[in-house]
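Colleague: Got a minute to walk me through this one? Could you put the sequence and the model up first?

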Amino acid sequence: MPAVFRFFSVFPLRLLHIIGCVLGWVAFAVSGVYRQRFLANAALAGYSFAQVRAAVGHAGRMVAELPRLWLGAPVPVRIEGEPCVEQAWAAGRGVIFLTPHLGCFEMSAQAIATRWSAQQGPITVLYRPARQAWLAKVMETARNRPGMQAVPTTLAGVRQMIKALRRGEAVGLLPDQVPPEGLGVWSPVFGKPAYTMTLAARLALQTGATVLLVRCEREPMGRGFVMYAEPLPQPLDADLETAVRQVNEAMEHVIRQCPGQYLWGYGRYKQPRAESPAAEASS
């Protein structure tokens, strides 16, 4: 499999996106469970299939573009919203970048690292190591690149994120990822209770870091990506559960900016898994 990744890493992004679009529609056609979850999640948010059908192909593009993003030559990315990022850096308390499972969230951290790490230090990103040894090695190599530091979902990883924020650096999170049992709270997402990580809110409340919302959209015809950054609609409340709800509402806001590239098939409302990596025991 590593050889396959290296093989596809030299493909043009446009070709990878074409392949990925086909794969996305094949998965949608053959997997009834995935298709039903996709349609149910979109309907819950108030979207018809016609409004979000593009997301079927984008789910496949997300997979197909990984070899190029992890092992290949850099791809074009444009950043919108730089002034709000510069203002966040100027506050001097660190920056927490939050993005949902939308577009090329893998590219968001890379774009931030490329643009700001030389002046502001690396961005620390949280990730769950893959079970397959070969994939874990590829992910470790790809995400620990200049300007980026990847830390695992463990207590040690969370401590590294806190230290980075206290140094005035940045961290990146996907707060709509379902955490293990005991490490989250039930909070509404598009009106339905979803088990939600508290880590993003805890980091902000504990360190006083500035929270920014980001999304990285794919441009047509494989021309690259555009990363958008914006501030939270309102400051986080001091009450943790209220702050978690505000984070969910912020993710809804980001998703509605580009519903055609959101992973509607993601199991956002699934029951948490029964394991305890202590990813959020930092309070």
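Modeller: We can go through the helix packing, the sheet and a few single residues in turn.

Colleague: Sounds good. What kind of model is it?

Modeller: It is a predicted model.

Colleague: Okay, helices to begin with. At what angle do H2 and H5 pack?

Modeller: Helix H2, residues 13–30, packs against helix H5, residues 54–64, at an angle of about 125 degrees. Their axes are 6 Å apart.

Colleague: And what do you call that arrangement of H2 and H5?

Modeller: Angles over 145 degrees would count as roughly antiparallel and 65 to 115 as roughly perpendicular. At about 125 degrees, H2 and H5 are therefore oblique to each other. Their crossing is right-handed.

Colleague: Which residues meet there, between H2 and H5?

Modeller: From H2 you have Leu-16, His-17, Gly-20, Cys-21, Gly-24, Trp-25 and Phe-28. They meet Val-56, Gly-57, Gly-60, Arg-61 and Ala-64 in H5. By class, that contact has six nonpolar, five polar and one charged residues.

Colleague: Why would residues three or four places apart point the same way in a helix?

Modeller: An α-helix has 3.6 residues a turn, so residues at that spacing point the same way.

Colleague: What about H2 with H3, how do their axes cross?

Modeller: The axes of H2 and helix H3, residues 32–44, cross at roughly 100 degrees and come within 5 Å. H2 and H3 are therefore roughly perpendicular to each other. On the H2 side the contact is made by Ala-27, Phe-28, Ala-29 and Val-30, and on the H3 side by Gly-32, Tyr-34, Arg-35, Phe-38 and Leu-39. The class count for H2 with H3 is seven nonpolar, one polar and one charged. Phe-28 appears in the contact with H5 and also in the contact with H3.

Colleague: Let's switch to the sheet. What is the strand order?

Modeller: Seven strands form an open sheet in the order E1-E9-E8-E2-E5-E3-E4, with mixed pairing. At the edges are strand E1 (77–80) and strand E4 (148–152), each of which pairs on one side only. On average, neighbouring strands are turned by 25 degrees against each other, direction ignored.

Colleague: In which sense do E8 and E9 pair?

Modeller: Strand E8, residues 210–218, and strand E9, residues 225–231, pair in the antiparallel sense over seven bridges. One bridge joins Glu-217 to its partner Val-226 in E9.

Colleague: And E3, which strands does E3 pair with in the parallel sense?

Modeller: E3 pairs with E4 in the parallel sense over five bridges. E3 also pairs with strand E5, residues 170–173, in the parallel sense over three bridges. As examples, Leu-126 has Val-151 as its bridge partner in E4, and Val-125 has Gly-172 in E5.

Colleague: How many residues of E3 are buried?

Modeller: Five of its five residues are buried, so to speak of E3 as mostly covered is fair. Ile-123, Val-125 and Tyr-127 point one way, while Thr-124 and Leu-126 point the other way.

Colleague: Which helices lie across the strands?

Modeller: Helix H8, residues 105–120, lies across E1, E2, E3, E4, E8 and E9, running at about 80 degrees to E1. Helix H12, residues 240–257, lies across E2, E8 and E9 and runs at about 25 degrees to E8.

Colleague: Back to Val-151 for a second. Is Val-151 buried or exposed?

Modeller: Val-151 counts as buried because its relative accessibility is 1%. Val-151 sits in strand E4, and beyond its neighbours within four places in sequence, its contacts are Thr-124, Val-125, Leu-126, Tyr-127, Gly-157, Gln-160 and Met-161. The C-alpha atoms of Val-151 and Met-161 are separated by 8.0 Å.

Colleague: New topic: where is Arg-93?

Modeller: Arg-93 is in the loop between helix H7 (82–91) and E2. With 41% relative accessibility, Arg-93 counts as partly exposed. Leaving out residues up to four places away in sequence, Arg-93 touches Leu-165, Gly-168, Thr-207, Gly-208, Ala-209 and Thr-210.

Colleague: What is special about the phi of Gly-208?

Modeller: Gly-208 comes just after H11 and takes a positive phi of about 75 degrees. Within H11, residues 199–207, the buried residues include Leu-203, Ala-204 and Thr-207.

Conventions
Residues numbered from 1 in each chain as written. Predicted model: local features only at pLDDT ≥ 70, side-chain atom pairs only at ≥ 80, totals over all residues. Heavy atoms only, no water. Axes fitted to C-alpha atoms, helices over the stretch in contact; angles between N-to-C directions. Helix = DSSP H or I, 4+ residues; strand = E, 2+ residues; numbered from the N terminus. Parallel < 35°, antiparallel > 145°, perpendicular 65-115°, else oblique. Left-handed = near helix turned anticlockwise from the far one by under 90°. Contact = heavy atoms within 4.5 Å. Nonpolar A, V, L, I, M, F, W, Y, C, P; charged D, E, K, R; others polar. Pairing = 2+ DSSP bridges. Buried < 20%, exposed > 50% of the residue type's maximum accessible area, 1.4 Å probe, protein only.
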